Amino acid sequence: MAPSIEDYALIGNTRSAALVGRDGSLDWLCLPRFDSPACFCALLGDPENGRWLIAPRDEVRRTTRRYRDGSLVLDTELQTDTGRVLITDCMPHWEGRSDVVRVVRGLDGRVGMRMELIMRFDYGDVVPWVHSADGGIIATAGPDSLELRTQIPLEGKDFRTLCEFDVGAGQTASFVLTHFPSERTPPLPIDPLSACDMTEGWWRDWSRRSTYEGDYADAVERSLLTLKALTYSPTGGIIAAPTMALPESWSGGRNFDFRYCWLRDATFTLYAFLISGFVEEARQWREWLLRVAAGRPEDLQILYGVAGERRLSETRLDWLPGYQDIGPVLIGNAAHSQHQLDVYGEIFDALHLTRRAGVEPEEPVWALQRVLLDFLESSWPEPDDGIWEIRGPRRQFTHSKVMAWVAFDRAVKAVERFGRSGPVGHWAGIRDRIHEEVCLRGVDPERGAFVQEYGGKALDASLLLVPLVGFLPPDDPRVRATLEAVEHELTQDGFVMRYARGSEVDGLGIGEGTFLPCSFWLVDNLAMVGREQDARRLFERLLDVRNDVGLLSEEYDPRQGRLMGNFPLAFTHVALINSARNLTRRAGGPGEHRSSDADHGDGPS
């Protein structure tokens, strides 16, 4: 059975990623892309579904691990009764090849080690043909091959590769696993020690570009590195998470594939990159957006493959029992065919921010926006599937209408402040009509708080975004009433749920954990209404939820003290960065930008 989610650490090369457990087992790896079929899939099954273990033969008395400063190079120190070793894990960032490097160093004493490599292709279903090669072994199945190179003698047994070795103080043992197409010869070998140093240097060079100077700088840096690791460098697309089917509910039924690029997640990530000085990442994302959005506006999807693929049909993998036997295991994501109005507003907000940040104007961007506005003008009154991707009937979600307002508001600003051309009076009129309707139909007249859908009573944590996007100022009574209602009705031990447990609105009716991005949105709201002490207290509690190497998943179970859902989640780390920036700004520290445009709130009330 796989360890707890928080026991894993991430390594990656901005094309793929792996999860390595505290026990030295690499339990999840997809090559050569984030969304390729996994070749190590023990995370969603057992070791026979594929894993790569390097660990002491004797009992481990103490485990400590950390990332090297400013990098995604992982060091895990293991102590036994006979000595200490350090295992370094990384994926070198070299174009044209995919490698995983694992180096064992003796620190003191002498430690007996073991290595077990179980390669299974196509999500643990296919046992490859394994044969010896010069300096290692090669495993092949269909289009894919993996080569393991090491100086340690290897033994094959029961469709697995094994070895044992001892490491004394100052000694090293190295392993390099390389993916290549099976019709080609293996690429040239690499020096593992130099590869670790070069990988560390690459990440440090990138992280030094950050302009963030505010509070909680270490947490922000780790989150920025995580976001960069989830960026598919060949295209600029940003995936939601490197994993699939990690449960949002311990009873099962909420196990979705997150290895794709959600427009919503990507735009929030764009905010975080821009306010931290990473303009090139914003430019690459904008180019990716232009490619994937090409075509009719009504065909815009909410998520795409890393290269812009549209068909992401959802399929169940029945041979995998699921993480800790919590199924089902699904690949693909049926949400790709959903209609979500809020995505249009998020695209406009992100592109507005790129203009504010000085990213060079590009005429096709504005041409795309105008086409999207034409479509949105006729479609905004319609019900949609909402931010939470409900699998029940479409509804008139209040948050969706707020984000439609954002789209027209940012279009007006594009004309008035950045010299774009267009019927600004017409767009301003639509913006005002949406604002009036939301304030009339999206507020519960008894409580004076925004509600999940027109005419309803249920709350929704997405309405915490109302002041963040500038729809209303934070001192508006409806904003304050919504904040208070969320605090009293949608929190568990201080952490925020997306909506009430047991709600049938999502078409699933299955409970879940508290939603970490929403908890950070509560931090932002508390700070905006002047409750800075409460905001910092909650923010620091959220930091305490991170695992020992600073990573967060989608959800959290306060009762069990466990992370839930796909891991690590870009959306959560983005919310962390933006909240840290907002808290710094509220304290009068450096940083003029926020997660959303500070001067949005000039619409009518």
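The legends below describe close-up views of a predicted model. Residues are numbered from 1 along each chain as its sequence is written, and side-chain values use heavy atoms, with hydrogens and water left out. Because this is a predicted model, local features need pLDDT of at least 70 and side-chain atom pairs count only at pLDDT 80 or more, whereas totals for chains, interfaces and linings use all residues.

**View 1. Strand β8 and the strands that pair with it.** Strand β8 covers residues 83-90 (strands are DSSP runs of E, at least two residues long, numbered from the N terminus). Seven of its eight residues are buried (under 20% relative accessible area, 1.4 Å probe, protein chains only), so β8 is largely enclosed by the rest of the structure. Strand β7 (residues 74-80) pairs with β8 in the antiparallel sense over seven bridges, where pairing requires that DSSP finds at least two bridges between two strands. A hairpin through two residues joins β7 to β8, and Gln-79 has Arg-84 in β8 as its bridge partner. Strand β9 (residues 98-118) also pairs with β8 in the antiparallel sense, over eight bridges, and Val-104 in β9 is the bridge partner of Ile-87.

**View 2. The largest nonpolar core around Leu-44.** A nonpolar core is a set of buried Ala, Val, Leu, Ile, Met, Phe, Trp, Tyr and Cys residues joined through side-chain atoms within 4.5 Å. The largest one has 197 residues, of which Leu-44 and Trp-52 touch the most other members. Helix α8 (residues 398-418) supplies the largest share of this core, 11 residues, a helix being a DSSP run of H or I with at least four residues. Apart from this core lies another, of eight residues, among them Cys-90, Val-103, Val-176 and Ala-195. Leaving aside its neighbours within four places in sequence, Leu-44 is in contact (heavy atoms within 4.5 Å) with residues including Trp-28, Met-244, Leu-320 and Tyr-323.

**View 3. The lining of the largest cavity.** A cavity is a set of points, on a 1 Å grid over the protein atoms alone, where a 1.4 Å probe fits but cannot get out, and its lining residues have an atom within 4 Å of a point. The largest cavity holds about 320 Å³ of space, and of its 23 lining residues Phe-258, Trp-388, Glu-389, Arg-498 and Glu-554 lie nearest its centre.

**View 4. Gln-560 in its loop.** Gln-560 lies in the loop between β25 (555-557) and β26 (562-564). Its relative accessible area is 45%, so Gln-560 is partly exposed (from 20% to 50%).

Notes: 1 Å grid on protein atoms, 1.4 Å probe; cavity = no way out; pocket = protein on both sides within 12 Å on 5 of 7 lines; lining within 4 Å. Points joined across faces, edges and corners; volume = space filled by probe spheres on them.
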